[in-house]
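This report covers a sheet, a pair of helices and a few individual residues. Please look at the sequence and the model first.

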Amino acid sequence: MIATPCTLEDELNIKQRYEAGWSLNNLGKEYHMTSGRLRTILTKQGVTIRASIAPRPTKEQRKQCDINEKVFDELNEQSLYWLGFILADGNISYNPAQYSYCLQVGLAEHDLSHLHKLQAFLASNHKLTKRERKQGEAYSMTTIYNLNIKNKYLAEKLTSLGICPQKSLTATINPLFKESRDFWRGMLDGDGSIYISTTNTAHLGLCGTKSCVDSFIAFVNQKILKTEAHSVTSTQKLWHVDFAHRQAREIAKYLYSDAAIYLERKKLIVDQFQFCVARKPTLIENYSSQHAEEDKESFPRAETSLKRD
């Protein structure tokens, strides 16, 4: 602001108006002066500067949004589900330059309502960001919505539970979650494949690290049914397990029946499993090459390594 000449009359008028209730902000606009210069003029005349009604918020305070940072301190159906979903489809990042931790979850536009559920669970009013992402050369642009929450306590809590930065190829399952159907439902909603094939066969699978896939198979065998009738394939250091027919239906029923939280899109498919053909599966893990075509016909996904929803 360009300093303007101030006469003795101006100084007296400033004093009178300030004592009459004018604010420094309004006086500054009237006389084209900064608050600092006005304080000097008033102090010189023996005027006590009034305290502000409220202190001006700091830069960090202006950026702060609401969040229940202790929402994962208690393990229940909701928190276990979202731990599984974030492990599968979320990310924890750390910016050493800013000493900041950030929880990031991005979902396609058709799953936007699920991101709103996560916001509600976290009691968060953080704004969602929007970006366009191309899904390969043969695909059109897909709209992605991202939830980014910078909160050190929340990020450190998630890290302590096994959701670490750069977890894609190293993720393991915390023993606290290994037997939780809510956790595994979150994992399936995030990185699972639930679909009905062209032969009207129910399929349910999970993609992840070998440790995660092995833990899911162990969970299925311990809690739901004992079976070796599943296919396990791997590509680019990631693994995929696929269950079909009765196994897929029973696993889906165990995980989704009477659940309070789930991804609507996948729950709709699970509800259609009851109409799929009932057929006893055969063991296809480690099948020989001479039976590959026959197995492929029975299990369309056996040779598809990492098809993801």
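## Residue environments and packing

Glu264 has a relative accessible area of 39% and is therefore partly exposed, where buried means under 20%, exposed over 50% and partly exposed in between, with a 1.4 Å probe and protein chains only. Glu264 belongs to helix 11 (residues 264–272); helices (H or I, at least four residues) and strands (E, at least two) are DSSP runs, numbered from the N terminus. Between the C-alpha atoms of Glu264 and Asp111 there are 8.3 Å, although the two residues are 153 residues apart along the chain.

The model is predicted, so local features need pLDDT of at least 70 and side-chain atom pairs count only at pLDDT 80 or more, while totals for chains, interfaces and linings use all residues. Residues are numbered from 1 along each chain as its sequence is written, and side-chain values use heavy atoms, with hydrogens and water left out.

**The sheet.** Four strands form an open sheet in the order 5-6-8-7, with antiparallel pairing; two strands pair if DSSP finds at least two bridges between them. At the edges are strand 5 (192–196) and strand 7 (230–235), each of which pairs on one side only. From one strand to the next, the twist averages 20°.

Strand 6 (residues 202–208) and strand 8 (residues 238–244) run antiparallel and are joined by 6 bridges. Opposite Gly208 stands Trp239, a residue of strand 8. With a relative accessible area of 25%, Trp239 is partly exposed. The C-alpha atoms of Trp239 and Cys207 are separated by 5.6 Å, with the residues 32 apart along the chain.

Helix 9 (residues 210–223) lies across strand 6, strand 7 and strand 8, and runs at about 25° to strand 8. Axes here are lines fitted to C-alpha atoms, for helices over the stretch in contact, and angles run from 0 to 180 degrees between N-to-C directions. Contact means heavy atoms within 4.5 Å.

**A helix pair.** Two packed helices are described by the angle between their axes and the distance between the axes. For helix 1 (residues 8–19) and helix 3 (residues 35–44), the axes come within 10 Å and cross at roughly 90°. Helix 1 and helix 3 are therefore roughly perpendicular to each other; angles under 35 degrees count as roughly parallel, over 145 as roughly antiparallel, 65 to 115 as roughly perpendicular and the rest as oblique. Helix 1 contributes Glu11, Ile14, Lys15 and Tyr18 to the contact, and helix 3 contributes Leu38, Ile41, Leu42 and Lys44. These residues divide into 5 nonpolar, no polar and 3 charged, where Ala, Val, Leu, Ile, Met, Phe, Trp, Tyr, Cys and Pro count as nonpolar, Asp, Glu, Lys and Arg as charged, and the others, Gly among them, as polar.

**Loops with positive phi.** Most residues other than glycine have a negative phi, and most peptide bonds are trans. The table gives two residues that are not glycine and have a positive phi.

| Residue | Phi | Loop | Relative accessibility |
|---|---|---|---|
| Gln166 | about 55° | between helix 7 (152–160) and helix 8 (181–191) | 72%, exposed |
| Asn200 | about 60° | between strand 5 and strand 6 | 31%, partly exposed |

**Cysteines.** How many disulfides does the model have? The count comes to 0 disulfides, a disulfide being a pair of cysteine sulfur atoms within 2.5 Å. Cys164 is partly exposed, at 29% relative accessibility, whereas Cys276 is buried, with a relative accessible area of 9%.
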